[in-house]
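Biologist: I should like to learn how to read a structural model feature by feature. Could we take the general idea of each feature before turning to the case at hand?

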Amino acid sequence: MAKPFIKPVITPREAAAYAAPGKSLMVGGFNYGGAPYTIIEALCDSGVKDIDLICVDTSYFQTKVPGPVGVARLVTNGQLRSLVASHIGLNKKTQELYTSGKLKIELIPMGTFVERIRAGGAGLGGILTLTGVDTVYEEGRETVELDGRRYILERPLRADTAFIRAYKADAAGNLVYYGTNRNFNPTMATAAARVVAEVDEVVPLGEIDPNNVVTPGIFIDALVLKGDGEYASRT
């Protein structure tokens, strides 16, 4: 399906409606930084379940934090069917679901995580990595031997939809990032069939220097303006 040249600016609720039961969803950011909080909140409020989430971590849910933060609400709400992630150490609910077998989780090294997404965006059949060789991580995974060394074959990651966070967009969806906005968001923008970017502002064509564009608008389907929620307002 062709993406429009001038990107529609939609509501967070409209963006959340792109996530459907049984469909895969990438969400950018890491820790507190660079997450599309406004869209995430709308997604949590929508109540959609059976999401196959691809996100590097499941944010915070523990006694030191007042309530689940960001994608942690998806976990505590029971909205996930499966999870591909690298870090769940700060979310006690994710850990409980994992150890009890109530949530299917694939834990992979962070560098492998982003490389699998990059491979998905580049149309590659997979990547070869030494990370995890001769460890329990290798068990059950396909390996390839080249020049006397054994590599783990990692398959690409793609998603039906990606929700990402950027600093600024122009009307054509060309994106500029700032600081922690770069946490996985530019890579995820290339690896999903539909991509919605949450931004601080949308400026007219020509106001962003082409040399500063990180994600070209050809990857973007729609834009959402950042809200004033507690976490959205500070990232």
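Modeller: The dialogue that follows treats the sheet, the salt bridges, one helix and the internal space in turn. Please keep in mind that this is a predicted model.

Biologist: Let us begin with the sheet. How many strands does the open sheet have, and in what order?

Modeller: In general, strands of a sheet pair through backbone hydrogen bonds, either parallel or antiparallel. Here, seven strands form an open sheet with parallel pairing, and their order is 4-3-2-1-8-11-13. Strand 4 (104-107) and strand 13 (222-225) occupy the edges; each has a single partner strand, so one side of each is left without a neighbour in the sheet. From one strand to the next, the twist averages 20°.

Biologist: Which residues stand opposite each other where strand 2 and strand 3 pair?

Modeller: Strand 2 (residues 51-54) and strand 3 (residues 80-85) are joined over four bridges in the parallel sense. Leu-53 stands opposite Leu-83 of strand 3, and Asp-52 has Ser-82 as its bridge partner. As a general idea, the side chains in a regular strand alternate between the two faces of the sheet.

Biologist: Which strand pairs with strand 3 over four bridges besides the one just described?

Modeller: Strand 4 does so, again in the parallel sense. In that pairing, Val-84 stands opposite Glu-106.

Biologist: Is strand 3 mostly covered or mostly open?

Modeller: Strand 3 is mostly covered, since five of its six residues are buried. Gly-78, in the loop between helix 3 and strand 3, is partly exposed at 43% relative accessibility. The C-alpha atom of Gly-78 is separated by 9.6 Å from that of Ile-51, although their positions lie 27 residues apart along the chain.

Biologist: Let us turn to the charged side chains. How many salt bridges are counted?

Modeller: The count comes to 15 salt bridges. For one of them, between Glu-41 and Arg-73, the closest N and O atoms are 2.6 Å apart. Glu-41 belongs to helix 2 (residues 37-46) and Arg-73 to helix 3 (residues 72-76), so the pair ties together parts that are 32 residues apart in sequence. Glu-41 is partly exposed, with a relative accessible area of 31%.

Biologist: Where does Glu-106 find its salt-bridge partner?

Modeller: Glu-106 forms a salt bridge with Arg-116, with 3.1 Å between the closest N and O atoms. Because Glu-106 lies in strand 4 and Arg-116 in helix 5 (residues 110-122), this pair ties together parts that are ten residues apart in sequence. Glu-106 is partly exposed at a relative accessible area of 26%, whereas Arg-116 counts as buried at 7% relative accessibility.

Biologist: Which residues are linked with this pair in a network of salt bridges?

Modeller: The network links Glu-106 and Arg-116 with Arg-141 and Glu-154.

Biologist: What can be said of the salt bridge between Arg-150 and Glu-138?

Modeller: Its closest N and O atoms are 2.8 Å apart. The pair links distant parts of the chain, twelve residues apart: Arg-150 is in strand 7 (residues 149-154), and Glu-138 is in the loop between strand 5 (127-129) and strand 6 (143-146). Arg-150 is partly exposed, with a relative accessible area of 29%, while Glu-138 is buried at 15%.

Biologist: Helix 2 has already been mentioned. Why is helix 2 described as largely enclosed?

Modeller: Seven of the ten residues of helix 2 are buried, so the rest of the structure largely encloses this helix. The buried residues are Tyr-37, Thr-38, Ile-39, Ile-40, Ala-42, Leu-43 and Cys-44. Just after helix 2, Gly-47 adopts a positive phi of about 80°.

Biologist: Finally, how should one read internal space, and how many cavities of 30 Å³ or more are counted?

Modeller: Rolling a probe the size of a water molecule over the atoms shows where empty space is left. Here the count comes to one cavity of 30 Å³ or more. About 70 Å³ of space lies in the largest cavity.

Biologist: Which residues lie nearest the centre of the largest cavity?

Modeller: Of its 14 lining residues, Asn-31, Ala-35, Asp-57, Ser-59 and Val-71 lie nearest the centre. By class, the lining comprises eight nonpolar, five polar and one charged residues.

Key. Residues are numbered from 1 along each chain as its sequence is written. Side-chain values use heavy atoms; hydrogens and water are left out. On a 1 Å grid over the protein atoms alone, a cavity is a set of points where a 1.4 Å probe fits but cannot get out, and a pocket is an open set with protein on both sides within 12 Å along at least five of seven lines; lining residues have an atom within 4 Å of a point. Grid points are joined across faces, edges and corners, and a volume is the space filled by probe spheres set on the points. Ala, Val, Leu, Ile, Met, Phe, Trp, Tyr, Cys and Pro count as nonpolar, Asp, Glu, Lys and Arg as charged, and the others, Gly among them, as polar. Two strands pair if DSSP finds at least two bridges between them. Helices (H or I, at least four residues) and strands (E, at least two) are DSSP runs, numbered from the N terminus. Axes are lines fitted to C-alpha atoms, for helices over the stretch in contact, and angles run from 0 to 180 degrees between N-to-C directions. A salt bridge is a side-chain nitrogen of Lys or Arg within 4 Å of a carboxyl oxygen of Asp or Glu. Buried means under 20% relative accessible area, exposed over 50%, partly exposed in between (1.4 Å probe, protein chains only).
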